[in-house]
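Visitor: I would like a close look at a single part of this protein, and then a walk outward from there to some of its side-chain pairings. Could you take me through it slowly?

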Amino acid sequence: GAGPGGICAGVRLLEAGAPDFVIIDQASSVGGTWYHNRYPGAECDVMSHLYSFSFELNPDWSQRYARQPEIKEYLERCVKKYGLEPHLRLGSGVTTAAWDEERAVWRLQLANGDSYEANAVISAVGMFNEPSWPDIAGLDEFAGTTFHSARWPESHDLAGERVAVIGSAASAVQLVPEVAPIVERLFVFQRSATWVLPKDDRPYTDQDRERFRNDPNAMSELRRKLIDNVNAMMTFSDPEARRRAEAAGLENLAVVADEDTRRALLPKMPWGARRPIVSNVYYPTFNRDNVELVTTPIERITQGGIRTVDG
């Protein structure tokens, strides 16, 4: 399927000499969410040998949880290997898709002026193709630089700046430890605490990768084990599993030295009530002198910064 903003016009295009199908995406590159999300520390929280195509297992993952550049490179490699490049129409989204009742075809119009006719259209735009901005008064009045983590400007250097990260869910958990060492001051605005469990993210060794290449069953057996583990946890219906998860989360949280900060980071909800997150480096970041956790609600954003409800 296509990434954010994409429509796959499939089965058979009707123009003479046209390919059997095209994949249309407004992005300029393949990768979907792994094209758009390029913030520091962006990585998958599903283990690499499961987060891959079953028909294209990859023996060369560098670690148990791959980062964004490696995942995007894997997807680009799949595109080349399976000959999808001639079918891609990148850099222009579909503006209209109208059904022609008389001819029994779809008529597609692209933003760049191209048009196609097809007898089947598959929408694959996903759920997160547009960044969600918080509804905070004054957001457009801020005189400094503002950007969404899902549209990270690679040209902007945060070194030595005073930075506020609004939100403390999965993206923040990944990017906060990356930017904290380079900024002058980092404020992390948290509305509600989330469980952050430890992460078994050991790198794969050369011996591991050699085994994956030479043992035809090694990767498929590992993938089956990962599937079973993930499926067993996804219902969150096992009380003992929840207890173990919360115990692991508490042990992970114990590294935070300041008692008040540690208390503020303690979730008030059961594990599984919100999207589970894993990280070994998020909690230790709050032991840095230049990092402050802010839990007081935001009143508004001003030209010079953020004002909380307590003034």
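Guide: Let's start with helix α6, which runs over residues 239-253 in this predicted model. The helix has 15 residues, and from its first C-alpha to its last it reaches 21 Å, close to the 21 Å expected at 1.5 Å a residue. Its buried residues are Ala241, Ala245, Gly249, Asn252 and Leu253. They cover an arc of only 110° around the axis, so they sit on the same side of α6. The reasoning behind such a pattern is familiar: an α-helix has 3.6 residues a turn, so residues three or four places apart point the same way.

What lies over that side? The cover on the buried residues of α6 includes β9 (196-197), α5 (218-234), α7 (259-264) and α8 (282-285). If you turn the helix around, the face pointing away from the buried side carries the exposed residues Pro239 and Glu251.

From α6, let's move on to the charged pairs. A search of the whole structure finds 23 salt bridges, and three of them make a good tour. As a reminder, side chains of opposite charge can pair when their charged atoms come close.

Take arginine 67 and glutamate 43, whose side chains meet in a salt bridge with 3.1 Å from N to O. Both residues belong to the loop between α1 and α2, yet they are 24 residues apart and the pair links distant parts of the chain. Their surroundings are worth comparing: glutamate 43 is buried, because its relative accessible area of 12% falls under the 20% cut-off. Arginine 67, at 33% relative accessibility, counts as partly exposed.

The next pair is aspartate 45 with arginine 275, where the side chains meet at 3.0 Å, N to O. Here the partners are 230 residues apart: aspartate 45 is in the loop between α1 and α2, and arginine 275 is in the loop between α7 and β10 (277-278). Aspartate 45 is partly exposed at 25% relative accessibility, and arginine 275 is also partly exposed, at 47%.

The last of the three joins glutamate 184 to arginine 162, with the closest N and O atoms 3.8 Å apart. Glutamate 184 sits in the loop between α3 (170-179) and β8 (185-189), while arginine 162 is in strand β7 (residues 162-166), and 22 residues separate them. Glutamate 184 is partly exposed, with a relative accessible area of 47%, whereas arginine 162 is exposed at 55%. Going back to the earlier pair, salt bridges that share partners join Glu43, Arg67, Glu178 and Lys199 into one network.

Before we finish, look at two more residues. Lysine 72 lies in helix α2, and at 13% relative accessibility this lysine counts as buried. Leaving out residues up to four places away in sequence, lysine 72 touches Ser29, Val30, Trp34 and Tyr35. Phenylalanine 55 gives the opposite picture: it is found in the loop between α1 (33-36) and α2 (68-81), and it is exposed, with a relative accessible area of 53%. Together with Phe53 and Tyr82, Phe55 forms a nonpolar patch on the surface, and the three have about 310 Å² of accessible area together.

Key:
Residues are numbered from 1 along each chain as its sequence is written. This is a predicted model: local features need pLDDT of at least 70, side-chain atom pairs count only at pLDDT 80 or more; totals for chains, interfaces and linings use all residues. Side-chain values use heavy atoms; hydrogens and water are left out. Patches are made of residues with over 30% relative accessible area and no salt bridge: like charges are joined within 9 Å, nonpolar side chains (Val, Leu, Ile, Met, Phe, Trp, Tyr) within 5 Å. Accessible areas come from the Shrake-Rupley method with a 1.4 Å probe; for residues, only the protein chains shown count as cover. A salt bridge is a side-chain nitrogen of Lys or Arg within 4 Å of a carboxyl oxygen of Asp or Glu. Helices (H or I, at least four residues) and strands (E, at least two) are DSSP runs, numbered from the N terminus. Buried means under 20% relative accessible area, exposed over 50%, partly exposed in between (1.4 Å probe, protein chains only). Contact means heavy atoms within 4.5 Å. The expected span of a helix is 1.5 Å times one less than its number of residues. The arc is that of the directions from the helix axis to the C-beta atoms.
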